[in-house]
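Here is a short report on a single chain. Please look over the sequence and the 3D view before reading on.

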Amino acid sequence: MNDGVPLAVYRRLLVLRTCAITAQLAALLVAHYGLKLGVPMGASLAVIGAQAGSVALAAWRWPRTRVPEGLYGAHLALDLVGLTALFYLNGGYANPFAFSYLMPLALAATVLGRA
């Protein structure tokens, strides 16, 4: 019986999410200010801010034991929703960063159980 995800794995997820959010913000700023592309800054920053807020909330409220798989899966689902919103706002499936869908999917396949 699986009683959750180890706390160390959950912490690694939050570190990976922080790195991904930082990269998203850097790519957005380079596209807008460096390449002068017409990206919707307000909406994109709102999506990135919501993702950063979810990581900050999760880091502020560290669990003391194993993390339920549902919570771990919810973080991955938030990442997929955030990426989908960013891709919708900034080029759709033709966005060159579309490969970043693979990280949350690979993490889910590796860590989460079948259910």
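## The nonpolar surface patch

Helix α1 (residues 7–34) gives the most to the nonpolar patch, with three residues. The model is predicted. The patch covers about 340 Å² of surface and is made by Leu25, Leu29, Tyr33 and Leu45.

Two of the patch members can be placed in more detail. Leu29 sits in helix α1. Its relative accessible area is 34%, so Leu29 is partly exposed. Patch residues need over 30% relative accessible area, and Leu29 at 34% clears that cut-off.

Leu25 also belongs to helix α1. Leu25 counts as partly exposed because its relative accessibility is 32%. Beyond its neighbours within four places in sequence, Leu25 is in contact with Leu45 and Ile48. Leu45 is itself a member of the patch. Ser44 lies 19 residues from Leu25 along the chain, and their C-alpha atoms are separated by 8.8 Å.

## Overall layout

The chain has four helices and zero strands. From the N terminus on, the order reads α-α-α-α. Along the principal axes, the C-alpha atoms fill a box of roughly 50 × 30 × 15 Å.

The chain has 115 residues, of which 30% count as buried. It exposes about 7200 Å², and carbon and sulfur atoms supply 71% of that area. Take the contacts between residues at least 6 apart in sequence: 78% of them join residues at least 24 apart.

## Nonpolar cores

Which residues make up the largest nonpolar core? There are 11 residues in all: Val5, Leu7, Val9, Tyr10, Leu13, Leu14, Ala58, Val67, Tyr72, Leu76 and Leu107. Helices α1 and α3 (69–89) each supply at least two residues of this core. The largest share, five residues, comes from α1. Apart from this core lies another, of nine residues, among them Ala31, Ile48, Val55 and Leu86.

In soluble globular proteins, nonpolar side chains tend to be buried together.

Val5 is one of the residues of the largest core. Leaving aside its neighbours within four places in sequence, Val5 is in contact with Tyr10, Arg66, Val67, Glu69, Tyr72, Val111 and Leu112. Tyr10, Val67 and Tyr72 are among the members of the largest core too. Ile48, a member of the nine-residue core, is in contact with Leu25 from the surface patch.

## A buried salt bridge

How many salt bridges does a search of the whole structure find? The search finds one. The side chains of Asp79 and Arg17 meet in it, at 2.8 Å from N to O. The pair links distant parts of the chain: Asp79 is in helix α3, Arg17 is in helix α1, and their positions lie 62 residues apart in sequence terms.

Side chains of opposite charge can pair when their charged atoms come close.

Are the two partners buried or exposed? Asp79 counts as buried because its relative accessibility is 7%. Arg17 is at 1%, so Arg17 counts as buried too. The cut-off for buried is under 20% relative accessible area. Asp79 has further contacts: leaving aside its neighbours within four places in sequence, it touches Arg17, Gln51 and Pro104.

## Lys36 and Leu105

Lys36 lies in the loop between α1 and α2. Lys36 has a positive phi of about 55°, although it is not a glycine. Its relative accessibility is 65%, so Lys36 counts as exposed.

Leu105 is in helix α4 (residues 102–111). With a relative accessible area of 46%, Leu105 is partly exposed. What separates Leu105 from Leu45 in sequence and in space? The two are 60 residues apart in sequence and 24 Å apart in space, C-alpha to C-alpha.

## Confidence

The chain averages a pLDDT of 85, and 96% of the residues score at least 70. Which elements have the lowest and the highest mean pLDDT? Helix α4 has the lowest, at 78, and helix α2 (residues 41–60) the highest, at 93. Leu105 lies in α4.

Where pLDDT is low, the predicted coordinates should not be read in detail.

Conventions: Residues numbered from 1 in each chain as written. Predicted model: local features only at pLDDT ≥ 70, side-chain atom pairs only at ≥ 80, totals over all residues. Heavy atoms only, no water. Patch = residues over 30% accessible without salt bridge, like charges linked within 9 Å, V, L, I, M, F, W, Y side chains within 5 Å. Areas by Shrake-Rupley, 256 points an atom, 1.4 Å probe, with all protein chains shown as cover. Salt bridge = Lys/Arg side-chain N within 4 Å of Asp/Glu carboxyl O. Buried < 20%, exposed > 50% of the residue type's maximum accessible area, 1.4 Å probe, protein only. Core = buried A, V, L, I, M, F, W, Y, C linked by side-chain atoms within 4.5 Å. Contact = heavy atoms within 4.5 Å. pLDDT = per-residue confidence, 0-100.
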